[in-house]
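Please open the model in your viewer, with the sequence panel alongside, and keep a selection tool ready. The tour moves from one helix to the next and ends at a few single residues.

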Amino acid sequence: CAKQQRHPVQLAQIVARETGIDLDTAGRLVKLAGTARNLKGHGLDEGISTRLIVYAATLIKKGVAPQDACRMAMARPITDDADIRATLDHAIDATFA
């Protein structure tokens, strides 16, 4: 059965509620995951799951810098392709500049 796609605002609210991070940061994480989903089929086999978004949010809540948390929890687990990682790293930097 296919996964139900949640609206980004709804997903951000869930991430904020489940992890205790602020809604703005949760929204940025969800937006970043959406950017990665757009790379699916262009060198990326799968997107960033809700579970990975929650992992990143949990790291941020524990004091890890957002860029580092996103790289560790969201970007590195889904690809080892250098070009895709560079694209994701750029998106992370742009999202949390």
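A residue is called buried here when its relative accessible area is under 20%, and exposed when that value is over 50%. Keep in mind throughout that this is a predicted model.

**Stop one: helix H1**

Select residues 8–19, which make up helix H1. The 12 residues of H1 should span 16 Å at 1.5 Å a residue, and because its end C-alpha atoms are 16 Å apart, the expected and computed lengths agree. Now colour Leu11, Ala12, Val15, Ala16 and Thr19, which are the buried residues of H1. These residues cover an arc of only 135° around the axis, which puts them on the same side of H1. An α-helix has 3.6 residues a turn, so residues three or four places apart point the same way. Turn to the other side of H1, and you will find Arg17 and Glu18, which are exposed.

Which helices do the buried residues of H1 pack against? Display helix H2 (23–38) and helix H3 (50–61), since these are the helices that the buried residues of H1 pack against.

At the start of the selection, pick Pro8, which has its place in helix H1 and is partly exposed, with a relative accessible area of 48%. If you draw a distance from the C-alpha atom of Pro8 to that of Arg28, the value is 9.9 Å, although the two are 20 residues apart in sequence. Then move to Gly20, which follows H1 and has a positive phi, near 85°.

**Stop two: helix H3**

Select H3 next, whose 12 residues should span 16 Å at 1.5 Å a residue; its end C-alpha atoms are 16 Å apart, in agreement with that value. Colour Leu52, Ile53, Ala56, Ala57 and Ile60, the buried residues of H3, and look down the axis of the helix. Seen from there, the buried residues of H3 fall within an arc of 140°, so they line one face of the helix. Arg51 and Lys61 are exposed on the other side of H3. The cover over the buried residues of H3 includes H1, H2 and H4. Gly63, which follows H3, has a positive phi, near 105°.

**Stop three: Leu59 and Val64**

Stay with H3 and select Leu59, which lies in this helix. Is Leu59 buried, partly exposed or exposed? With a relative accessible area of 26%, Leu59 is partly exposed. Leaving aside its neighbours within four places in sequence, Leu59 is in contact with Val64, Ala69, Met72 and Ala73. For a distance across the chain, pair Leu59 with His7: the two are 52 residues apart along the chain, and their C-alpha atoms are separated by 23 Å.

From Leu59, step to Val64, which lies in the loop between H3 and H4 and counts as partly exposed at 24% relative accessibility. Beyond its neighbours within four places in sequence, Val64 is in contact with Leu59, Ala69 and Met72.

**Stop four: where H4 meets H5**

Show helix H4 (residues 66–75) together with helix H5 (residues 82–95), whose axes come within 10 Å and cross at roughly 140°. The crossing of H4 and H5 is right-handed. To see the contact itself, display the side chains of Gln67, Cys70, Arg71 and Ala75 on H4, and those of Leu88, Asp89, Ile92 and Asp93 on H5. By class, the contact of H4 with H5 has four nonpolar, one polar and three charged residues.

Before leaving this pair of helices, select Asp80 in the loop between H4 and H5, which is exposed, with a relative accessible area of 69%. Asp80 and Leu44 are 36 residues apart in sequence, and their C-alpha atoms are 9.8 Å apart in space.

**Stop five: helix H5 by itself**

Finally, isolate H5, whose 14 residues should span 20 Å at 1.5 Å a residue, a value that agrees with the 20 Å between its end C-alpha atoms. Its buried residues are Ile84, Leu88, Asp89, Ala91, Ile92 and Thr95. They cover an arc of only 160° around the axis, which puts them on the same side of H5. The face of H5 turned away from its buried side carries the exposed residues Ala82, Asp83, His90 and Ala94. Bring back H2 and H4 to finish, as both are included in what covers the buried residues of H5.

Note on methods: Residues numbered from 1 in each chain as written. Predicted model: local features only at pLDDT ≥ 70, side-chain atom pairs only at ≥ 80, totals over all residues. Heavy atoms only, no water. Helix = DSSP H or I, 4+ residues; strand = E, 2+ residues; numbered from the N terminus. Expected span 1.5 Å × (residues − 1). Buried < 20%, exposed > 50% of the residue type's maximum accessible area, 1.4 Å probe, protein only. Arc of directions from axis to C-beta. Contact = heavy atoms within 4.5 Å. Axes fitted to C-alpha atoms, helices over the stretch in contact; angles between N-to-C directions. Left-handed = near helix turned anticlockwise from the far one by under 90°. Nonpolar A, V, L, I, M, F, W, Y, C, P; charged D, E, K, R; others polar.
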